[in-house]
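Visitor: I'm new to looking at proteins this way. Could you pick one salt bridge, take me through it closely, and then follow the thread to the parts around it?

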Amino acid sequence: MKSSSIIAVSGLISTAVAETIHGVTVFTRHGTSKHYSGYGLTTLGFTENYEVGSDYRDLYVAAGAPKKILGISESRYTPSQIFASAPDQQVLLNTATAFLQGLYPPLEDINAASFAAQALNNDTSYSSPLNGYQYVVLHGEESTAPDTIWIKGDEGCPVTTKAQKSFENSTQFATLTETTRSFYAQFWDNLKNVYDYTPEMLDYGTTIHNSSLTTNVTSKQHFQLRTLADSAEFGYNYNSSQISRAVGGQTLLGGIFSQLNQTVSSKGKLKFSLLAGSYDNFMATFGLMNLTSASTDFFGLPRYASTMAFELFTAENTTTFPTNTDALSVRFLFRNGSDAGAPLTPYPLFGGSESSLSRSNFSSQIQSRAIMSVSKWCSACNATQSFCPAGTSGTASQLPSQSSAAAAATSGGNGGISNAIAGVIGAMVTLAVAKQFYVFSRRRHISPDSQNVDFGARAPKYD
């Protein structure tokens with residue numbers, strides 16, 4: 001499975017012979033997770049994120065990689081070159097950890113055992129544990145810390161919560177709820193007893209995740225369930241006339257922009273940045289960057305372990321970082337899921353037709369869409385967090401990461417979103433319907449014949 005994935009990722013992406021990659025910033029969704037008896041990644045989920053990280057290694061890091069980042073360490077993790085961050089939540093921290101295990105695996109596993117051994121003055125030698133396991137630093141962002149907004153800017157934002165709630169009160173939502181009432185009602189016999197399920201019955205691998213639940217769902221119904229889920233989640237997370245639904249996407253773009261800028265300000269010393277987050281901010285950024293004009297697939301939920309990448313490159317084959325940063329360009333790529341053979345595909349941004357943009361053009365477009373400072377987020381959200389002073393005006397123009405980039409470049413430390421502060425639906429789509437009925441029935445516990453049933457009610461959001 002692994003070999004075919006390597007071939008697919010490296011072979012399906014066109015690589016310009018004269019091109020030089022100077023840095024990459026990646027945002028990843030977590031792998032398959034379980035939601036009952038403890039929310040966390042499944043064994044499959046860990047594997048998905050690990051294999052995606054391994055594919056990125058094969059593409060950008062390893063010796064002979066088709067798009068190898070200029071000067072990146074092939075085998076041994078170098079802290080100044082890599083930055084990784086995730087919210088302080090088990091699933092997302094584990095997601096980033098699994099990805100990084102694939103990006104820089106144990107040294108003995110990649111025939112670099114010499115790096116895992118260290119000789120002492122008394123002529124003894126020790127090897128790192130776990131076959132030379134590499135402990136890549138991962139910054140966990142607490143929910144009370146300012147830097148959490150760059151990955152989870154929709155959380156703790158009252159304005160976004162209110163805007164998303166208004167979607168449920170819209171004519172569009174009401175019409176869709178009414179027109180799909182009979183469609184959802186046909187699943188009632190399978191799902192009506194969800195209300196009475198115990199936590200053990202809802203555990204991963206048992207009743208609610210058992211394939212028998214889907215035996216009566218046709219491929220046509222499955223497709224409609226996915227389409228309805230796509231439509232609802234896109235509506236919650238983006239609307240061009242109510243941009244406050246997409247605050248999480250605005251801050252994510254700000255964080256990505258900051259990481260790319262750190263590669264520039266450090267003259268290429270920061271080479272790879274990883275951010276781990278949720279599907280909702282994927283969808284918000286899809287809308288903000290007008291990716292739906294490039295492909296209608298971007299109206300859909302990204303699959304587990306999906307990734308989007310931003311490459312910073314020059315069109316020439318160079319051996320040094322360019323002195324003239326106007327020579328830099330940015331390319332956006334997306335990989336939907338972790339399946340072997342799934343390509344990392346470039347798409348044009350902002351309604352254009354070119355697969356890449358000059359850095360100056362990209363910067364201008366992002367700054368017109370993104371939230372670029374903590375104070376601006378506080379103001380846009382009417383937030384009350386402790387780091388949001390009363391009367392915040394949102395006029396700060398510099399991200400925390402940009403202010404610390406020079407220090408990171410000169411000290412050899414890895415650049416981060418703020419080093420000063422920081423230390424879709426899967427194959428069982430009907431599970432989403434089960435959750436919807438479960439929450440609904442716990443509230444009302446009535447049959448679908450009732451005129452008061454709201455089949456459009458949103459289930460709790462599981463990242």
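Guide: Happily! Let's begin with Lys165 and Glu168, which form a salt bridge whose closest N and O atoms are 3.0 Å apart. Please keep in mind that this is a predicted model. Both partners, Lys165 and Glu168, belong to helix 6, and they are three residues apart, about one turn of the helix. Is Lys165 buried, exposed or something in between? Its relative accessible area is 47%, so Lys165 counts as partly exposed. Elsewhere, bridges that share partners link Glu19, Lys67, Glu311 and Arg331 into one network.

Stay with helix 6 for a moment, and look at what it packs against. Helix 6 covers residues 158-168, and its axis comes within 8 Å of the axis of helix 10, residues 219-237. The two axes cross at roughly 140 degrees, which means that helix 6 is oblique to helix 10. If you want the handedness too, helix 6 passes helix 10 in a right-handed crossing. Which residues of helix 6 meet helix 10? They are Gln164, Phe167 and Glu168, and on the helix 10 side you will find Ala232, Gly235, Tyr236 and Asn237. Sorted by class, this contact has three nonpolar, three polar and one charged residues. Glu168 therefore appears twice in our story: as a partner of Lys165 in the salt bridge, and as a part of the contact with helix 10.

Now let's set that salt bridge beside some others. How many salt bridges are there in the model? The count comes to eight. One of them joins Glu19 and Arg331, with the closest N and O atoms 2.7 Å apart. Glu19 sits in the loop between helix 1 (2-12) and strand 1 (20-29), while Arg331 sits in strand 10 (residues 328-335), so this pair ties together parts that are 312 residues apart in sequence. Put that next to Lys165 and Glu168, which are three residues apart. Glu19 and Arg331 are both buried.

Another bridge brings together the side chains of Lys152 and Glu155, at 3.2 Å from N to O. Here the two partners have their own accessibility values. Lys152 has 3% relative accessibility, so it counts as buried, whereas Glu155, at 35%, is partly exposed.

You have now seen one helix pair, so let's try reading others. Two packed helices are described by the angle between their axes and the distance between the axes. Take helix 2 (residues 43-61) and helix 3 (residues 90-103): their axes are 6 Å apart, and the helices pack at an angle of about 40 degrees. Helix 2 and helix 3 are therefore oblique to each other, and their crossing is right-handed. On the helix 2 side, the contact is made by Phe46, Asn49, Tyr50, Val52, Gly53, Ser54, Tyr56, Arg57 and Val61. The helix 3 side brings Asn94, Thr95, Ala98, Phe99, Gln101, Gly102 and Leu103. By class, that gives eight nonpolar, seven polar and one charged residues.

Next come helix 11 (residues 247-265) and helix 13 (residues 359-367), whose axes come within 10 Å and cross at roughly 150 degrees. An angle over 145 degrees counts as roughly antiparallel, which means that helix 11 is roughly antiparallel to helix 13. The crossing of this pair is left-handed. Leu253, Phe257, Leu260, Asn261 and Val264 of helix 11 meet Arg359, Phe362, Ser363, Ile366 and Gln367 of helix 13. This contact divides into six nonpolar, three polar and one charged residues.

While you are at helix 11, find Gln259, which has its place there. Gln259 has a relative accessible area of 0%, so it is buried. Its C-alpha atom is separated by 9.3 Å from that of Leu274, 15 residues apart along the chain.

Let's finish in a loop. Between helix 12 (279-288) and strand 9 (307-314) you will find Asn290, and Ala305 lies in the loop between helix 12 and strand 9 as well. Asn290 has a positive phi of about 55 degrees although it is not a glycine. Ala305, also not a glycine, has a positive phi of about 65 degrees. Asn290 is partly exposed, at 30% relative accessible area, but Ala305 is buried, at 0%.

Methods: Residues numbered from 1 in each chain as written. Predicted model: local features only at pLDDT ≥ 70, side-chain atom pairs only at ≥ 80, totals over all residues. Heavy atoms only, no water. Axes fitted to C-alpha atoms, helices over the stretch in contact; angles between N-to-C directions. Helix = DSSP H or I, 4+ residues; strand = E, 2+ residues; numbered from the N terminus. Parallel < 35°, antiparallel > 145°, perpendicular 65-115°, else oblique. Left-handed = near helix turned anticlockwise from the far one by under 90°. Contact = heavy atoms within 4.5 Å. Nonpolar A, V, L, I, M, F, W, Y, C, P; charged D, E, K, R; others polar. Salt bridge = Lys/Arg side-chain N within 4 Å of Asp/Glu carboxyl O. Buried < 20%, exposed > 50% of the residue type's maximum accessible area, 1.4 Å probe, protein only.
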